[in-house]
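Biologist: I'm new to this one, so could you walk me through it? I'll ask, you answer.

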Amino acid sequence: MSKPIRVLLASSEVSPLASTGGLAEVAGSLPQALTEVGLPTMVVMPAYPEALAKAKISGPKLLLAVSMGVELVEFEVLIGQLTSEVPVYLIRCDKFFDRPGLYGEGRTGYLDNPERFTFFSRAVIELLEHLPQKPQVILANDWQTGLIMPYLLEAGPQAPKGIFIIHNQGYLGLAPPSLVSEIGLPDRYYGVEGLEYYGQLSFLKAGIVFSQAVVTVSPSYAKEIQTPEGGNGLDGVLRLYAGKLHGIVNGVDYVQWNPMTDPYIAANYSADDLAGKKICKLALRRELNLSGPDRPLFGMVSRLTAQKGLTLVVESASELFKLGLDLVILGSGEPWFEEKLTAMAEDYPDNMRLVLGYNSQMSHRIIAGSDFVLVPSLYEPCGLIQLYGLRYGTIPVVRAIGGLNDTVRDYAGQNPAGLWDNGFKFSQFQPGALVRAVRRACELYAAPGEWAKMSNMNLKEDFSWTASAQSYAKLIQKVASA
Ligand code: ADP
């Protein structure tokens, strides 16, 4: 039997060790899924204080160093476990990572983010020399790890091959040209065909240009980022490299997200017995102090940024609540949205609740206890919330974009043969379009037995990692043997 291909996944956040969103969820669950399909996978991430506290560190640490410009930066590598089968290497350099935030605090990002993630990328390359088992392929994720791709190329043919995964084209990872000496690549990497981006440097572009393959997290998003509307200035580059661009929908961690065993929800349930879902709704209404008559309950769990379509929700408030629904939003993010949503919740005290903050357990209770999950994103590379909704029999109402479009099939729409309608979609990024989709959802709720029928079918749909991990495995094997 041939030796298995070893994989190293590098990410700036990995759930449950440190998380701000979907990137962490994928980085936290794809390694185990790959391991289960025969590709043993290791993980490397920065040693933020919260990650150090949670990672079950064991064994001796490594003491290493990389040069950045004129400076020699020393760091430690600690070894922990992400799962019993997946080791995680934590790169500890307190001057870069011992901070309250992952990328910034409040409204402002850390000014030295380009240096921090240049260092991290260099440290990953240095670590390769010291791993007991060398990987053949590195999966780098988003701009924070984009530089790993040219570093691998520069390391020569013996180095692992690089696959770059784009979770969000919205973040270019820009750095000033003055960072060139810290980055330390030969001059030929910095031109317009390399890192250059309108007079600056883009680490995201480095990942796209210098990788063996690029993956993004849904087939629709793979097409959208090749257009001027979705490419964020890199659509031309992505069209140039379309031949190595793949769209693979994210899977859901079916252990973390399982209505039959979920410890955070009021009652467990399954497709065979939805009684527990009713209990979850009652408990959520009680927790939120929603005391009116039973109405369709819409849930949102979201970063509060423009990407998530919250302006549509704010602008359609009066029309939405005329439909006789309740709305709960759990989110954290930009103060502007916090203020707007707080004002909206004050205007509709009987029907709306806003919970500010990042709260994983509460997100489970909202997904389980709502009748519908609302995802009106401006753009959405894959989206996980609608997949969690499907897993919990909570019907998604989404904008037909990116991964939302690939995973939700509109009620009474033109669906692929043999598949049922699993939710509601709208196309135009306009309040009226959102309201019309929500109205159709409320009509389904009002029709006796119809909501339960769809919810029940959705509980049976499979969005686990099984299929997606196979797609990744095929690509990894192809890249490793090229
Ligand atoms: P993105 O990565 O763009 O934020 P995704 O839908 O892909 O969007 O993933 C978001 C993930 O972050 C989901 O797992 C969601 O549950 C989680 N999440 C976002 N905001 C919060 C919050 N305030 N509290 C708890 N979980 C949250």
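Biologist: At the start of α14, which residue's side-chain oxygen reaches to the backbone nitrogen of Gln361?

Modeller: Keep in mind that this is a predicted model. The contact sits where α14 begins, and its two atoms come within 3.3 Å of each other. The side-chain oxygen belongs to Asn359.

Biologist: Is α14 largely enclosed or not, and how many of its residues are buried?

Modeller: Buried here means under 20% relative accessible area. Met362, Ser363 and His364 are buried, and so are Ile366, Ile367, Ala368 and Gly369. The helix is therefore largely enclosed by the rest of the structure, with the buried count at seven of the ten residues.

Biologist: Which elements do the buried residues of α14 pack against?

Modeller: There are helices and strands on that list. The strands are β15, β16, β17 (352–356) and β18 (372–375). The helices are α10 (275–288) and α15.

Biologist: Let's turn to the ligand. Which elements each supply at least two residues of the shell around it?

Modeller: Our helix α14 (360–369) is one of them. The shell draws at least three residues from each of domain 1 (7–251 + 465–481) and domain 2 (275–458). Along with α14, the elements are α1 (22–36), β15 (297–304), β16 (326–333) and α15 (385–391).

Biologist: How do the residues of that shell divide into nonpolar, polar and charged?

Modeller: The shell has 20 residues, and Gly22, Arg303, Lys308, Gly357 and Leu384 come nearest to the ligand. Gly counts as polar in this split. The division is six nonpolar, eleven polar and three charged.

Biologist: How much of the ligand's accessible area does the protein cover?

Modeller: Start with some polar contacts. Ligand oxygen atoms lie 2.7 Å from a polar backbone atom of Gly22, 2.7 Å from a side-chain N or O atom of Arg303, and 3.0 Å from a backbone N or O atom of Leu384. On its own the ligand has 560 Å² of accessible area, and the protein covers 92% of that.

Biologist: One last residue: is Arg285 buried or exposed?

Modeller: Arg285 is in helix α10, and among the residues it touches are Leu290, Asp294, Leu297 and Asp326. A polar atom of its side chain lies 3.5 Å from the backbone oxygen of Pro293. With the cut-off for buried at under 20%, Arg285 has 7% relative accessibility, so it counts as buried.

How values were computed
Residues numbered from 1 in each chain as written. Predicted model: local features only at pLDDT ≥ 70, side-chain atom pairs only at ≥ 80, totals over all residues. Heavy atoms only, no water. Near = heavy atom within 4 Å. Polar contact = N/O pair within 3.5 Å; in protein donor to acceptor, adjacent residues only side chain to side chain. Areas by Shrake-Rupley, 256 points an atom, 1.4 Å probe, with all protein chains shown as cover. Helix = DSSP H or I, 4+ residues; strand = E, 2+ residues; numbered from the N terminus. Domains from an automatic or database assignment. Buried < 20%, exposed > 50% of the residue type's maximum accessible area, 1.4 Å probe, protein only. Contact = heavy atoms within 4.5 Å. Lists of a residue's contacts leave out its neighbours within four places in sequence.
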